[in-house]
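Here is a quick tour of one model, with an eye on helices, backbone angles and a few cysteines. Have the viewer open as you read.

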Amino acid sequence: MFQSMEEVMDYLYSRESKLGMDFGLARMENLLKELRNPEKSFQSIHIAGSNGKGSTLNALKEILMAQGLKVGSFTSPHLEKVNERMMINETMISDEEIIEHMNTLYPLLEEGQVGYRATFFEIITILSFLYFQKKEMDIALIETGLGGRLDCTNVITPLLSIITSISLEHTNILGNTLAEIASEKAGIIKHGVPVISGVTEEEPATAIMEYAKVQDANLYCINKEIFVNEPSQVQDGQYFSFKMGHTTLEQIDLKMLGRHQVNNAALAIAAVRLLIEKYHLEISENSIRQGLAKAHWAGRFEVLPGHIILDGAHNPAGMKVLLETLQTRYPDLNYHFVFTALQDKDYNQVLSMVDEQAASIIFTEIDFKRAASAQELFEKSKMDKKKAIINWQEAIDYALNHRTINDLVIVTGSLYFLALARPYIMKNS
């Protein structure tokens, strides 16, 4: 039995290194059955997508909290500690609660039991379900880990499903085309359950529409049923207008930066509208405005003092919106990147995009089994002004120590990198 968080995390990480990724729902369903199906004890909203899941979830969460609701959230990955993944409103699950639920689950994980080959993510997901069951929330917001159809979170039957975006990612698992990946993400759509989509490209949008039709699920899409205008930029954020059916909201203040965040916020508002219309929840316009004015998401175009930007752009779509947001918010500054990536990401295309706009790039690496090496990234870049500094702390220090008043330091390339870099920068800068 576990006595400390250190024991819990050592156990979980040892399983991750031993078992890796192993997709399928049968093991998850068998484990949950042994636990008397805690996932059926609460109402939920399920969110999938290549980018924007966390931002959309957080925008929706802030709106619901502004209304006074008790909201659970399950997200990944974490930035500083695993407790961040499981929250009730703004409070993380405690170490003591994780230990308690792990001790409940542990007998089912031993050799010969139904959960013997349960993965890190499956265990964390089940812990969240046990936690939410005990806390008796109004609603839980559940983010997929990878994909949708075979993602272990896909054992829930939610009130609504949301698909934020589609881009080429994890092609060895999800498929080689946008349509194939969209079909995997669309696997979260349940029969008769409404689905909201932020996917605008024709190929993946068509795949989602076809899947929703088979499931007899009403589909609400950006630019078809959901409309937003181009945002206006202000010093500390932006504002935009929203229209869906008979609902129109003008000049909505949004703290999160970037044009893509307007679409994410619109998906959250659309979810609220459906919760009101189909499930008769009471959520006021004032709660929508208050929530979006407050919503932010650490590591997603996060601006720190001293001209530092943290962003978890880990694929071409994410880097595209990062660069667009830089051009919109800071068109006259020089962009100096501290960059690393995972080997299973399309970092070649990401690097070509960064090469075009960077004043300089420092390549580094992290101690993670799927991490690319600094030298490998350095050699792929066509940039003239570049360095490889293996130690990521030294790479960050170098960038910060050489900046001028006309420079921005952008730390990016992987959320796993940000999980290390963010607390380091906030402590030392």
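## Two helices packed together

At what angle do helix α2 (residues 26–34) and helix α5 (residues 120–135) pack, and how many Å apart are their axes? In this predicted model, the angle between α2 and α5 is about 35°, and the axes sit 11 Å apart. The α2/α5 crossing is right-handed. If you want to see who does the touching, pick out R27, M28, L31 and L32 on the α2 side; they meet E122, T125, I126 and F129 of α5.

Helix α5 is worth a closer look on its own. Of its 16 residues, 13 are buried, so α5 is largely enclosed by the rest of the structure. The geometry of α5 checks out too: at 1.5 Å a residue, 16 residues should span 22 Å, and the end C-alpha atoms are 23 Å apart, which agrees. Just after α5 comes E136, with a positive phi of about 50°.

## Helix α8 and its two sides

Next up is helix α8, residues 202–214. Its 13 residues should span 18 Å at 1.5 Å a residue, and the end C-alpha atoms are indeed 18 Å apart. The buried residues in α8 are P204, A207, I208 and A212. Looking down the axis of α8, the buried residues fall within an arc of 130°, so they line one face of the helix.

What covers that buried set? The cover includes two strands on the earlier side of the chain, β6 (160–163) and β7 (195–197), plus helix α7 (178–185) and strand β8 (219–221). Turn α8 around, and the face pointing away from the buried side carries the exposed residues E202, K213 and V214.

## Backbone oddities

Just after α8, D216 takes a positive phi of about 55°, although D216 is not a glycine. D216 belongs to the loop between α8 and β8. Is D216 buried or exposed? At 53% relative accessibility, D216 counts as exposed, because the cut-off for that label is over 50%.

N223 is another residue other than glycine with a positive phi, here near 75°. Its place is the loop between β8 and β9 (226–228). With a relative accessible area of 49%, N223 is classed as partly exposed.

Then there is a cis peptide bond, running from S76 to P77, with omega near -10°. P77 is found in the loop between β2 (71–74) and β3 (86–88).

## A buried asparagine

N103 lies in helix α4 (residues 95–105). The relative accessible area of N103 is 15%, so this residue is buried, the cut-off being under 20%. Which residues does N103 touch, leaving out those up to four places away in sequence? The answer is M1 and F2.

## Cysteines

How many disulfides does the model have? The count comes to zero, with a disulfide taken as a pair of cysteine sulfur atoms within 2.5 Å. As for the cysteines themselves, C152 is buried at 5% relative accessible area. C221 also counts as buried, with 9% relative accessibility.

Definitions and conventions. Residues are numbered from 1 along each chain as its sequence is written. This is a predicted model: local features need pLDDT of at least 70, side-chain atom pairs count only at pLDDT 80 or more; totals for chains, interfaces and linings use all residues. Side-chain values use heavy atoms; hydrogens and water are left out. Buried means under 20% relative accessible area, exposed over 50%, partly exposed in between (1.4 Å probe, protein chains only). Helices (H or I, at least four residues) and strands (E, at least two) are DSSP runs, numbered from the N terminus. The expected span of a helix is 1.5 Å times one less than its number of residues. The arc is that of the directions from the helix axis to the C-beta atoms. Contact means heavy atoms within 4.5 Å. Axes are lines fitted to C-alpha atoms, for helices over the stretch in contact, and angles run from 0 to 180 degrees between N-to-C directions. A crossing is left-handed if the near helix is turned anticlockwise from the far one by less than a right angle, and right-handed if clockwise.
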